[in-house]
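Trainee: I would like to take a close look at a single part of this model, and to see how that part sits within the whole. Could you walk me through it slowly, in one connected answer?

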Amino acid sequence: MLVLLGYLMILTFMVLIMTKRLSPMLALIMVPTIFGLFAGAGLGIGDMVIEAVGDLAPTAALLMFAIMYFGLMIDVGLFDPLVRLILRATGNDPAKVVLGTALLAGAVSLDGDGSTTFIVTTAAMLPIYLRLGMSPVVLTCVAGLINGTLNIVPWGGPTVRAAAALNVSPSEIFVPLVPSLVAGLVIAFAFAWLLGLRERKRLGGSVSLDTAAVAVPLSKAMANAGAGVAEGRGVSMFTSPTVALGLRGGRADGSRADAPGERAVDDPGTGLSENGTPGVGTMADTMLDPTRETLRPGLIWFNLVLTVAVMVLLVLDLFPLAYVFMVGSAIALLVNFPKVKQQTAEIVAHAPSIVGVVSMVFAAAVLIGVLNGTGMVSAMADWLVDVIPDAMGPYLAVITGLLSLPLTFFMSNDAFYFGILPVLAESASAFGIEPVEMARASVIGQPVHLQSPLVPAILLLVSLANVNLGDHHKKVLWRAAVVSVVMLVVAVVVGVIPWG
């Protein structure tokens, strides 16, 4: 019964968000609550959810202050030179812009952290997409696909978990998989180029882009990006596009800002200012507006050094990641906006995007809490192990690779690597399959895993890009599955994952 309820719950959730019957946040709360009660959780369902909320609280804090920090860096102009560099390299060709997105996401993904990758990639590329009238869903698809493919690096979470679960070295898992990783990246970049060509065709070839222009209405750009909503382009998930990165400001009491260093608050539902004209504080205009009041050109080197220091601390893992961004945000606010009124305006400016992301993370705690608390995860795992026939024993490594696609999407990495993988590995040992070979197979599904609503980083990505999670899934899931299968096939061909 738990197995049936577990799979039915996941299926119901996916159908509801992909058909847009419910927003992802509501689906994450309502669907698990109903199925949890059917599973016999009773009054204990509250404790299950609160336990999961406690586990996710550090992640929520990380995302909150990471959004604030990078939002501040966008406001003060740290990324403006990067955007101009990308524009010079890609021109106004949508195909090259999408390929540039893939390259940037790949470079930043090498730090092993999806949240950082998505924040930097979105901050640099989304304004370009909006100005060109390109689909933000293409951005989330490409960034998610590239980051998921690179998620098997030995300092990343999945490989470390697999190594710890089976007591093997992360390098023993990763190094033999390098050919698979290269093949996966080739396929992912090919998908990016094809998506870019489709955008070029949709927009009628190269389009005009004036990087110095300020008066390009965001509504006009979004009209192109949102054309053909049925195909999943540019659909709002939480807020209007004007607040996708929190690039609007005002006083804490909500009134319009008019003092030096403050920004006007546009209408949050329409993206229009009080007189009904396109809001001057829209993200597409703010990102490249050389006259914006929050720009701090004299502090660009300080902000660059501060950002590099934050990134180094993230990689060294000397402090909790949330604390690093807390301190970084405090220093950035203090130096760039020394007046209390300015600091308050900056914090308020980024509140919409923070609320959207953090609410999704805590909503995901309902799904995680019910899956774990009711025993659905364990029952689903045990059922999968039981239904594998003994005759398939010699192929358990390949089966594990294929199972890693849906299982790591439906459950957390911890549940898969510490709950299911050891059981599969123990069974495989009877057929002469080494633990390290099972570990390699287990990380093959990471391109799919990174798209799961249980992964806070992907919630951050779709929130920042103002994209519906269901639309993202429609475009990215089958492509991620293709990348994973190609990686598995290459691993079998080169002999690092046994076949029979």
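Trainee: To start with the whole, what does the accessible surface of the protein chain come to, and what percentage of that surface belongs to carbon and sulfur atoms? After that, please look closely at the contact of H2 with H16.

Mentor: Please keep in mind from the start that this is a predicted model. The accessible surface of the protein chain amounts to about 19100 Å², and 69% of that surface belongs to carbon and sulfur atoms. The chain has 500 residues, of which 57% are buried, and its secondary structure consists of 23 helices and zero strands. If we take the contacts between residues at least 6 apart in sequence, 79% of them join residues at least 24 apart, and the part you asked about brings together two such separated stretches, since helix H2 covers residues 24-38 while helix H16 covers residues 351-373.

These two helices pack at an angle of about 20 degrees, and their axes lie 8 Å apart. Because angles under 35 degrees count as roughly parallel, H2 is described as roughly parallel to H16. The crossing that the two helices make is left-handed. On the H2 side, the residues that take part are Pro24, Met25, Leu28, Ile29, Pro32, Thr33 and Gly36, and they meet Ser359, Met360, Ala363, Ala364, Val366, Leu367 and Val370 on the H16 side. Sorted by class, this contact holds eleven nonpolar residues, three polar ones and no charged ones.

Within this contact, Val366 of helix H16 is a good residue to follow by eye. Val366 has a relative accessible area of 8%, and because buried means under 20%, Val366 counts as buried. Leaving aside neighbours within four places in sequence, Val366 is in contact with Leu28, Ile29, Pro32, Thr33 and Val49. Take Pro32 as one of these partners: Pro32 and Val366 are 334 residues apart along the chain, yet their C-alpha atoms are separated by 6.4 Å.

For a second example to set beside this one, turn to helix H5, residues 94-109, and helix H7, residues 136-149, which pack at an angle of about 35 degrees with their axes 9 Å apart. H5 passes H7 in a right-handed crossing, whereas the crossing of H2 and H16 is left-handed. The contact of H5 with H7 has eight nonpolar, four polar and no charged residues.

Terms used: Residues are numbered from 1 along each chain as its sequence is written. This is a predicted model: local features need pLDDT of at least 70, side-chain atom pairs count only at pLDDT 80 or more; totals for chains, interfaces and linings use all residues. Side-chain values use heavy atoms; hydrogens and water are left out. Axes are lines fitted to C-alpha atoms, for helices over the stretch in contact, and angles run from 0 to 180 degrees between N-to-C directions. Helices (H or I, at least four residues) and strands (E, at least two) are DSSP runs, numbered from the N terminus. A crossing is left-handed if the near helix is turned anticlockwise from the far one by less than a right angle, and right-handed if clockwise. Ala, Val, Leu, Ile, Met, Phe, Trp, Tyr, Cys and Pro count as nonpolar, Asp, Glu, Lys and Arg as charged, and the others, Gly among them, as polar. Angles under 35 degrees count as roughly parallel, over 145 as roughly antiparallel, 65 to 115 as roughly perpendicular and the rest as oblique. Contact means heavy atoms within 4.5 Å. Buried means under 20% relative accessible area, exposed over 50%, partly exposed in between (1.4 Å probe, protein chains only). Accessible areas come from the Shrake-Rupley method with a 1.4 Å probe; for residues, only the protein chains shown count as cover.
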